[in-house]
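Visitor: I'd like a close look at one strand and the parts around it. Please take me through it slowly, since this is all new to me.

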Amino acid sequence: MKKIVFALLRYSGLPVLFREVFQRNKVSILVFHDMDRQTAEASFAYLSKHYNFISLDRLITALQNKDERHLPKKAMVVTFDDGHARNYELLPVFKRYKVPATIFICSGIIDTGRHYWFREKLDKKTIRSLKKIPNKDRIAFLRSRGFDPEKEYPNKQALSAAQIEEMSTYVSMQSHTVSHPILSRCEDEESNWEISESKRSLEKKLKQPINAIAYPNGSYTKREVAFAQAAGYACGLTVEAGFNSTRTDPFRLKRLDPNDTPDINELIVKASGMQVLLGKLP
């Protein structure tokens, strides 16, 4: 049923209307996570024909100068959250379709055998519940289930240093905190450390400026914005659906989430931002 709905929406012509009217003079930012290569091939083949990819750095410059003159029509920024190992397989796709992607990486997980807590074998309801409780309680619960955030597992989930170095010529690596907590559920000291330490650590490891942070799970408050500003970031990215312009708060940039879908119809509909005006889509 879901596939039928997205097929009907695509061929209704509404995505074209949204793209040519609502997205034309805005900047759309897409967020992906652990997309497979086949899905990436189909997705970026389509997107490259209908949007103009720009780097996040280019958007930051426009925001800082309040100048849209150097932004193309139907501008699109492509981002990936977490730094999953499989992102490395997408490098040839980025090259082929000239995608200046940004990957937001967790400084305490990349180049280690540590695992992402949200990839533990837990049902979706439990994961949702863990995102709503204090950070110390989330950690305690996971430890009670045998998950140790410091443990080095043989099956690595995150990008390695070598992979990051190879990708960095084409892909911008930016901050996604140290360990991917839900920042709004952290104590002040925890939240500030996750934000500032990630920047410091990544700049030391990568030997390049880290000027952007994506709030894990899109969860943030005014406190996180203040911490990010104080740490020296130039912008912060949320998962609030919407489009961006030079008038958008740089620390509350909106993104559209196609959810790594392999269904090209779903990608087309969600990339057009139809949910911004029509409400939540399936």
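Guide: Let's start with one residue, Asp82: its relative accessibility is 3%, so it counts as buried (buried means under 20% relative accessible area, exposed over 50%, and partly exposed in between, using a 1.4 Å probe and protein chains only). You're looking at a predicted model, where local features need pLDDT of at least 70 and side-chain atom pairs count only at pLDDT 80 or more, while totals for chains, interfaces and linings use all residues. Residues are numbered from 1 along each chain as its sequence is written, and side-chain values use heavy atoms, with hydrogens and water left out.

Asp82 belongs to strand E3 (strands here are DSSP runs of E with at least two residues, helices are runs of H or I with at least four, and both are numbered from the N terminus). There's something to notice in its backbone: the phi of Asp82 is positive, near 100 degrees, and Asp82 is not a glycine. Most residues other than glycine have a negative phi.

Now zoom out to the whole strand. E3 covers residues 75-82, and eight of the eight are buried, so the rest of the structure largely encloses this strand.

Who are its partners? Take E1 to begin with, which is residues 27-32: E1 and E3 run parallel and share six bridges (two strands pair if DSSP finds at least two bridges between them). If you want a spot to find on screen, look for Ser28, which sits opposite Met76 of E3. Met76 has another partner too, because bridges are also found between Phe53 and Met76. That brings in E2, residues 52-53, which pairs with E3 in the parallel sense over two bridges. Then there's E4, residues 102-105, joined to E3 by four bridges and again parallel. Here the pair to look for is Asp81, facing Phe104 in E4.

Next, follow the chain between these strands. From E2, the path goes through helix H4 (residues 56-65) to E3, and the three make a right-handed β-α-β unit (right-handed means that, with the strands pointing away from you, the path from the first strand over the helix to the second runs clockwise). E3 then takes part in another right-handed β-α-β unit, with helix H5 (residues 91-96) and E4.

On the way from H5 to E4 there's a loop, and Lys98 sits in it. Like Asp82, Lys98 is worth a look for its backbone: phi is near 55 degrees, a positive value in a residue that isn't glycine. With a relative accessible area of 66%, Lys98 is exposed.

Back to H4, since this helix has two quite distinct sides. Its buried residues are Leu56, Leu59, Ile60, Ala62 and Leu63. Looking down the axis of H4, you'd find them within an arc of 165 degrees, so they line one face of the helix (the arc is that of the directions from the helix axis to the C-beta atoms). Turned away from that buried side are Gln64 and Asn65, which are exposed. Just past the end of H4 comes Lys66, with a positive phi of about 50 degrees.

And what does the buried side of H4 pack against? The list is E1, E3, E4, strand E6 (212-214) and strand E7 (235-237) (contact means heavy atoms within 4.5 Å). Our strand E3 is one of those neighbours.

One last stop, starting from E6. In the loop between E6 and helix H10 (222-231) you'll find Tyr215. Its relative accessibility is 0%, so Tyr215 counts as buried. Leaving out residues up to four places away in sequence, Tyr215 touches a whole set of others, including His176, Leu183, Gly236, Leu237 and Phe251. Tyr215 is also 127 residues from Tyr88 in sequence, and their C-alpha atoms lie 22 Å apart.

To tie it together, keep E3 in the middle of your view: E1 pairs with it over six bridges, E2 over two and E4 over four. Then add H4, whose buried residues pack against E3 among others, and finish at Asp82 with its positive phi.
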